[in-house]
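Subject: Structure for your review

Dear colleague,

Please find below the sequence and the structure for your review. My notes on what was found follow directly after them.

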Amino acid sequence: MNQAGQILLGGLIQGGVFALIALGFALVHRVTGAINLAQGGFCVLGALSYQSLLGWGHLPWPVALLGAILTVGAFGYALGAATFVPALARLPQSSLLMLSAGLLTVMDGIALLIWGSAPYAVAPFSGEQPILLLGLEVPTQALWLGAIAILAGLAIWLVLTRTAPGRSLRAAADNPTGATLVGIGLTRVRRASFAATAALGALAGVAVAPLISLQYDTGHFFTNAGFIAVALGGMGSLPGAAAGGLFLGVIEQLAAGYVSSLFANALALAMLLLVLLFRPQGLFAPRAARADVRTEPRARAAAPVWTLRRGTALGVTCLAVLIALPFLVDAGTLASLVIGLILFIAVLGLDVVMGFAGQVSLGQAGFMALGGYTASILATGYGVSPLLGTLAGAAVSALAAVAVAAVTLRLRGAYLALATLAFGLLVDQLVVGLPNLTGGPSGLVGIPSFSAFGVTFATPFAMWFLVLGLAASLVTLLAGGLRGGFGRALRAIRADPLAAAALGINVARYKLAAFVISAVLGSLAGSLYAFDFHYLGPEMVATPRSFELIAMLVLGGEATLGGGLIGAFAITLLPIAVQALAAEKVLIEGLILVLVFLLAPGGILGSVLARRGAAA
């Protein structure tokens, strides 16, 4: 009984953290209708700022806590005013989601520059020794955490229901047009909501910092947990978000205590997929209009249209340059270019599902992992040829895509993004949790070079021409298919799924086809990645890789096919270009992603094509 109580207590403590973060997600979504993936970054900045005020400023902890909240709240206001709020009026939900992911990376970079990469241990508010309560050992910080969570929830409720600013927030959320007509400034309200969520994130970070080891990139953990919690509870419900956080924490601790700590997160993610399938509005939110099927007020920009003549001429020119490239660079640069070209194949798959079909996919790295590990395990453990292993990996990924599509085909917007993110995180957990099969955290070693039909591709020079041939063939095939009826159907679905269905287009079938194509190309990239490195570790194909692939696509230009190559080379070669700025690399990557969304949302190639089309 005591053990069960201790496990339940641990779940409530963890759930309190998740609840605080989920409240921030719910508040921004309630006011703007968008998801803010940067929320976890505010938690880290708040905790590290608090630590600095304690250590460097020698301030009492209540003063340091207030200072951290005010500092991060002001930073959040400025960040929202400069980036997130202006983008609300002109970017679709998928782009807003990735813009906020870029903001999270920017905050990672800021934290890395100021505080470094070493882990931080923050002292609890009052004493190191736990206290006995009903026979259970309770960390004193857990009591503070519980009190802060309750007070924060009560404060949010009072502000929203009993104050004029709160009523303005609710009006802006429930009826933006009506709120504007009665004189409520939507921009001002949305900036205030972003600042409030930043302050709430800082409060959560400070409250939990004494209970965990904190690093500059811990924000990704906070973001994933908060995103999952708010989806479990109810995306548009503040009480539901808090309940979802508590529920997630308890479920994970029970799974860790009675099943396995390795699979606690995996079980929680599998449960999330079931919730999205059967009750997408959340477990604790009242039944209402499904947010994922509401009409998207911000239409996606039209995809650039290649003429056959222009596309062929540019393609031939690009291919000639790429053929000559290995003879013009050194071996180290060529090895990096091979990696960029391999990742371009995965980006091609993303372009089909995101650029042409308009479906958000945050799990592309999961398919890279499935393909890479399947091919590597077969090649190293069973003597299967790399070619057959690669085909087997593609088949496994295609089957997984069909299974994931059973959930995702019914979803849109934030719910679709969350489902694909959950899939990617689930694959991450399985890769680490099956060491006898995948090598676990250590990864797989001794993977042979790729070979086919008696030819072995064991050098960067040979791999370059192998991958270049595959990439060129794939671009040619996709260009032909997307120019015809298949491409027109995907564009119609992206523009308006209901109208497309009314025209007789089988929306579910085309979405499934796009998703399977994307998965197979991701799998192919994962297999080539493993055979090129002769090693495959979890970090190489983990969820952050999915965000990196999306950054490549956005930087080059969605729905251009070739734009992803620009993005893949630019981001892959960035570490080489900024070797003297190694500490600033994370910040630079985040700034590039944010600036592209704000200044050139069509990407480099997409913007060029759009200007040429307008001038024609």
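Is F453 buried or exposed? F453 is exposed, with a relative accessible area of 79%. Please bear in mind throughout that this is a predicted model.

F453 belongs to the loop between β4 (450–452) and β5 (455–457). Its phi is near 55 degrees, which is a positive value in a residue other than glycine. H534 also has a positive phi, of about 65 degrees, although H534 is not a glycine. This residue sits in the loop between α21 (507–533) and β6 (535–536). H534 counts as partly exposed because its relative accessibility is 31%, and the range for that class runs between 20% and 50%.

Turning to the interior, the largest nonpolar core has 193 residues. Those with the most contacts inside this core are F227, L341, I345, L362 and W464. Helix α13 (residues 331–356) supplies the largest share of the core, namely 17 residues. Another core, of five residues, lies apart from it; among its members are A489, I493, I505 and V507.

L362 may serve as an example of how a core residue is surrounded. Not counting residues up to four places away in sequence, L362 touches L97, M98, A417, T420, L421, S546, F547 and I550.

A209 is a further residue to examine. It is found in the loop between α8 (186–208) and α9 (219–233). A209 has a relative accessible area of 0% and is therefore buried, since buried means under 20%. Leaving aside neighbours within four places in sequence, A209 is in contact with A47, V122 and L214. A209 and A121 are 88 residues apart in sequence, while their C-alpha atoms are 7.3 Å apart in space.

The aromatic residues come next. A search of the whole structure finds 19 aromatic pairs. One of these is the stacked pair of F25 and F227, with 5.9 Å from centre to centre and 5 degrees between the planes. This pair links distant parts of the chain, as F25 is in helix α1 (residues 2–32) and F227 is in helix α9, 202 residues apart. F25 counts as buried at 1% relative accessibility, and F227 counts as buried at 0%.

F42 and F194 form an edge-to-face pair, 5.8 Å centre to centre and with 85 degrees between the planes. F42 lies in helix α2 (residues 39–55) and F194 lies in helix α8, so the pair ties together parts that are 152 residues apart in sequence. Both F42 and F194 are buried. In addition, ring pairs link Y50, W61, F125 and W144 into a cluster.

Finally, I would draw your attention to the surface. In soluble globular proteins, nonpolar side chains tend to be buried together. On the surface of this model, however, L319, I323, F327, L328, F461 and F465 make a nonpolar patch of about 580 Å². The elements that give two or more residues to this patch are α12 (308–324) and α18 (460–483). F461, which is found in helix α18, has a relative accessible area of 37% and is therefore partly exposed.

With kind regards

How values were computed:
Residues are numbered from 1 along each chain as its sequence is written. This is a predicted model: local features need pLDDT of at least 70, side-chain atom pairs count only at pLDDT 80 or more; totals for chains, interfaces and linings use all residues. Side-chain values use heavy atoms; hydrogens and water are left out. A nonpolar core is a set of buried Ala, Val, Leu, Ile, Met, Phe, Trp, Tyr and Cys residues joined through side-chain atoms within 4.5 Å. Buried means under 20% relative accessible area, exposed over 50%, partly exposed in between (1.4 Å probe, protein chains only). Helices (H or I, at least four residues) and strands (E, at least two) are DSSP runs, numbered from the N terminus. Contact means heavy atoms within 4.5 Å. Rings of Phe, Tyr and Trp (its six-membered ring) pair if their centres lie within 6.5 Å; planes under 30 degrees apart count as stacked, over 60 as edge-to-face and the rest as tilted. Patches are made of residues with over 30% relative accessible area and no salt bridge: like charges are joined within 9 Å, nonpolar side chains (Val, Leu, Ile, Met, Phe, Trp, Tyr) within 5 Å. Accessible areas come from the Shrake-Rupley method with a 1.4 Å probe; for residues, only the protein chains shown count as cover. A salt bridge is a side-chain nitrogen of Lys or Arg within 4 Å of a carboxyl oxygen of Asp or Glu.
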